[in-house]
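Visitor: Before accepting any label on a model, I want to see the value and the cut-off behind it. Please take me through the labels one at a time.

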Amino acid sequence: MAGHTTPPAPREGAAPPVRKPNWKMIGPGMVVAATGVGAGDLVSTLIAGSKFGYTLLWAAVVGCVVKIALAEATGRWHLATGRTIFDGWRSLGAWTTVYFAVYVVIWGFVYGATAMSSSALPLAALFPDVMPLKVWAIITGLIGLAFVWTNRYAVVEKIMMAFVGVMFVVVVYVALRVAPDLPRALAGLVPVLPSGSIVYTLGLVGGVGGTITMAAYGYWINAKGWTDSGWMKMMRLDNRVAYLTTGVFVIAMLIVGAELLHASQTALASGDQGLLDLDRVLEDRFGAFTANLFLIGFFAASFSSLVGVWHGVSLMFADFVERLRAARGQDATAGVAPLARGEQERSWPFRGYLLWLTFPPMTLLWLDKPFGLVIAYGVLGAFFMPFLAATLLWLLNTGRTPREWRNGPLSNVLLAASCVLFVVLCVQELRDLPW
């Protein structure tokens, strides 16, 4: 029948042995969490705290639960089926290939410049008058390129875990330094929507840690060597620990916004520049040591996002190209086994996308982003998270997934709720674009 698609065949044979969860093996979740929490996310959380105090703390907790559900669904697809997420998307029709092809090219071009600029800002503040911001940005991009080009996932995971440690220590230290009001913080766990808070609430629930790198989680667990359903319990532990850590980041930044900025009615600039504003506030109140420590945390958040995207999205692009090449001469929905561990990181599509993320975006450091490019980037980016949530619902409730690993009622509720949330956020982002 025209338009009919045959799902990839679920994995057959005896069930693989169940691996006992081991805290020492936690890693891929930390990589996706560190990548997803960038400087812009920290600013949006600070601004929410500065405007509404602790009132929206509950939204940060809900956001953590939503991200756990989405990442778990992505990991479950990879482990239960032995297929990658792009293999699953292709089984839903050619439209997914067209969307991803356009998205990954435009997104990578604009994001590359954004990531390099974000990583350069704290370095320029820590070392003023050493070199221009654009030069710092180029240096961070080249370091990220060299690091990912010459190392495999195991080394990337170790450096990302180090970044997580720095971010955690710095953000929690600053939150404790401003002396949180615990009774008011606990009161903020009760869902309340103050007047004018809807946009900030949606941002806290859906924005922090929610990017294309959530789809990369499955590739990172495969790179770790977790390739079948026997790793399901380990993946779930890894995912929960990672996003609970993300929740601590968000709550700590909300505390800083509530205690340091809300009471004094201090306004921050939007975007990454807002963190430099906070640096100046911290220096005035607590001195240069705390301010410089915060800039180090700012750099860890920004540069970890750069390294994570350079590695994770390049893995996705390599898989995308491999699927297109393998589809020639066979049913495009038949499914293709993932490349052997480590092969994708040595492939030309992986390294070609690394170069795409690094060198063409450098031109945007000297030019204002072209109007049409801003619109295209905004539209494609706004649709990605609804696309991810909706397609996971589709894939994990059909014969594409072995029956024992399909969604249960709780997974369906959380994924459906996140789908609605991201559709609302998508509409809001589209309205905010400079049409």
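Visitor: What makes the largest nonpolar core a core, and which residues touch the most other members?

Guide: This is a predicted model. A nonpolar core is a set of buried nonpolar residues joined through side-chain atoms within 4.5 Å. The largest such set here has 143 residues, and Trp89, Trp310 and Phe384 touch the most other members. Helix H13, residues 288-327, gives the most to this core, with 18 residues. A second, separate core has 5 residues, including Ala382, Cys426, Leu430 and Leu433.

Visitor: What is Trp310 in contact with, leaving aside its neighbours within four places in sequence?

Guide: The partners of Trp310 are Tyr111, Gly112, Ala115, Gly141, Gly144, Leu145, Val148, Leu354, Leu357 and Thr358.

Visitor: Why is Ile212 called buried or exposed?

Guide: Buried means under 20% relative accessible area. Ile212 has 1%, so Ile212 counts as buried. Ile212 lies in the loop between H9 and helix H10 (213-223). Not counting residues up to four places away in sequence, Ile212 touches Phe100, Tyr103, Trp107, Val313, Met316 and Phe384. Its C-alpha is 7.5 Å from that of Met385, although Ile212 and Met385 are 173 residues apart in sequence.

Visitor: How do you know whether Thr74 is buried or exposed?

Guide: The relative accessibility of Thr74 is 0%, so Thr74 counts as buried. Thr74 lies in helix H3. Among residues over four places away in sequence, Thr74 touches Met214, Ala215, Gly218, Leu388 and Leu392.

Visitor: Why is Val61, which lies in helix H3, not called buried or exposed but something else?

Guide: Partly exposed covers the range between 20% and 50%. Val61 has 35% relative accessibility, so Val61 counts as partly exposed. Val61 also makes a nonpolar surface patch of about 330 Å² with Val65, Leu186 and Leu189.

Visitor: Which residues of helix H9 are buried, and what covers them?

Guide: In H9, residues 198-206, the buried ones are Thr201, Leu202, Leu204, Val205 and Gly206. Their cover includes helices H2 (39-52), H3 (57-81), H11 (232-262) and H17 (409-432).

Visitor: How do you know how the span of helix H12 compares with the expected one?

Guide: H12, residues 273-286, has 14 residues. The expected span is 1.5 Å times one less than the number of residues. H12 reaches 20 Å from its first C-alpha to its last, close to the 20 Å expected. Gly287 follows H12 and has a positive phi, near 100°. The buried residues of H12 include Leu275, Leu276, Leu278, Val281, Leu282 and Phe286. The buried residues of H12 pack against H2, helix H5 (94-126), helix H7 (153-177), H11 and H13.

Visitor: What makes Arg280 and Asp277 a salt bridge?

Guide: The cut-off is 4 Å between a side-chain nitrogen of Lys or Arg and a carboxyl oxygen of Asp or Glu. The closest N and O atoms of Arg280 and Asp277 are 2.5 Å apart, and the pair forms a salt bridge. Both residues lie in H12, 3 residues apart, about one turn of the helix. At 45% Arg280 counts as partly exposed, while Asp277, at 18%, is buried.

Visitor: What about Arg323 and Asp87: how far apart are the closest N and O atoms?

Guide: Their closest N and O atoms are 3.9 Å apart, and the pair forms a salt bridge. Arg323 is in helix H13 and Asp87 in helix H4 (residues 85-91), so the pair links parts of the chain 236 residues apart. Arg323 is buried at 0%, and Asp87 counts as buried at 2%.

Visitor: Which residues are joined into one network by salt bridges that share partners?

Guide: Asp87, Arg90, Asp319 and Arg323 form that network. A search of the whole structure finds 10 salt bridges.

Visitor: What does the secondary structure of the protein come to, and what percentage of its residues is buried?

Guide: The count is 17 helices and 0 strands. Buried residues make up 57% of the 435 residues.

Key: Residues are numbered from 1 along each chain as its sequence is written. This is a predicted model: local features need pLDDT of at least 70, side-chain atom pairs count only at pLDDT 80 or more; totals for chains, interfaces and linings use all residues. Side-chain values use heavy atoms; hydrogens and water are left out. Buried means under 20% relative accessible area, exposed over 50%, partly exposed in between (1.4 Å probe, protein chains only). Helices (H or I, at least four residues) and strands (E, at least two) are DSSP runs, numbered from the N terminus. Contact means heavy atoms within 4.5 Å. Patches are made of residues with over 30% relative accessible area and no salt bridge: like charges are joined within 9 Å, nonpolar side chains (Val, Leu, Ile, Met, Phe, Trp, Tyr) within 5 Å. Accessible areas come from the Shrake-Rupley method with a 1.4 Å probe; for residues, only the protein chains shown count as cover.
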